[in-house]
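Visitor: Please show me the structure, and let us then discuss its strands and its core.

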Amino acid sequence: MIEESQEQYEKMKLTRKRTQKALQHAIKYADRADIAPIWKTALVGTVQFPYLSYPLLEQTGIVKHCFTTRFGGVSKGMFESLNLSFSRGDEHAAVEENFHRVSQALGVDYGKFVFTDQTHTTNVKRVCLEDAGKGLTRERGYSDVDGLITNEAGVVLSTFYADCVPLYFVDVSNHAIGLSHSGWRGTVRRMGHVTLEAMRREFGSKPEEVVCAVGPSICQDCYEVGKEVAEEFIQEFPSYRQEILKDKGNGKYQLDLWRTNEIILLEAGIKPEHLSVTDICTCCNSKILFSHRASHGKRGNLGAFLCLKP
Ligand SMILES: [Zn+2]
């Protein structure tokens with residue numbers, strides 16, 4: 001039912017970019033085709049449902065995962081078409097139908113999604129089958145959760161984006177996974193490291209065994225920040241200042257969230273060969289992906305999903 005479709009991606013003219021470091025990384029592992037996210041397409045009824053997939057995560061053999069696009073849903077207007085937010089003004093029934101399509105495309109149960117409650121914290125919550133449906137089919141009962149971890153098969157960890165950075169974690173040895181939302185606030189507080197610590201504490205995960213992906217999000221060229229944000233990053237990552245910030249000289253800076261998350265994960269003990277960093281920017285590709293910056297806030301949400309196979 002699901003087939004790879006690089007052709008589909010060519011048709012969509014997706015702009016790909018690599019940071020210099022990531023480029024070096026890609027060259028070093030050039031014999032491996034698993035560094036960048038690729039297009040896949042599922043058939044949902046008669047509808048083509050494209051999504052992005054990480055070969056590195058796929059190769060673990062123990063998970064189902066995806067990063068969604070604007071295509072394949074039923075929402076209209078600025079939510080066109082696969083909006084996954086119930087709280088930005090879209091019709092409830094349309095968003096529910098969109099989730100039905102994600103569940104079919106991914107081959108997971110509609111009743112087993114478990115949502116974050118993203119407020120730019122570094123709070124990571126362990127969830128299990130008892131939490132199934134929270135956020136979608138029933139009340140969450142928790143708030144301020146930006147990361148989810150589990151070791152139970154079937155639970156679909158669910159996080160939401162429109163420029164912020166998704167972080168995926170798969171620990172094959174301990175049969176455990178994690179998924180975290182890392183915007184600039186999460187990144188400067190090292191959400192990737194915090195999530196790995198939670199997995200170590202709860203499941204005994206060792207960072208050197210964990211496979212990890214930094215998902216589609218805003219690139220350095222598109223991400224201008226002010227002096228206060230830049231200074232927080234300089235303070236937290238003093239030796240990487242030149243790599244992660246471009247000083248525009250007018251009190252504004254271009255911040256590289258991809259490279260910063262790569263640094264955080266490598267420093268936390270992830271092996272370079274177990275790490276896949278996106279080359280796809282949500283803002284450069286705002287016709288294909290929802291971008292908060294590109295749309296000035298008039299947008300829906302994309303979703304990152306991760307689930308242990310039964
Ligand atoms: Zn960009």
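Visitor: In which sense do β13 and β14 pair?
Guide: This is a predicted model, in which local features need pLDDT of at least 70, side-chain atom pairs count only at pLDDT 80 or more, and totals for chains, interfaces and linings use all residues. Residues are numbered from 1 along each chain as its sequence is written. Strands are DSSP runs (E, at least two residues; helices are H or I, at least four), numbered from the N terminus, and two strands pair if DSSP finds at least two bridges between them. Three bridges connect β13 with β14 (residues 252-255), and their sense is antiparallel.

Visitor: Which residue in β14 stands opposite Asp247?
Guide: Asp247 belongs to the edge strand β13 (245-247), which pairs on one side only. Its opposite residue in β14 is Tyr253.

Visitor: Why is β8 largely enclosed by the rest of the structure?
Guide: A residue is buried if 20 or more other C-beta atoms, placed from the backbone, lie within 10 Å of its own (exposed: 12 or fewer; partly exposed: in between). On one side of β8, Val156, Ser158 and Phe160 are buried, as are Leu157, Thr159 and Tyr161 on the other. Strand β8 (residues 156-161) is therefore largely enclosed, as the buried residues number six of the six.

Visitor: Which residue of β16 is the bridge partner of Phe160?
Guide: Strand β16 (residues 302-308) runs antiparallel to β8, with six bridges between them. The partner of Phe160 there is Gly303.

Visitor: Which residue of β8 is the bridge partner of Val114?
Guide: Strand β5 (residues 113-115) and β8 run parallel, joined by three bridges. Val114 has as its partner Leu157.
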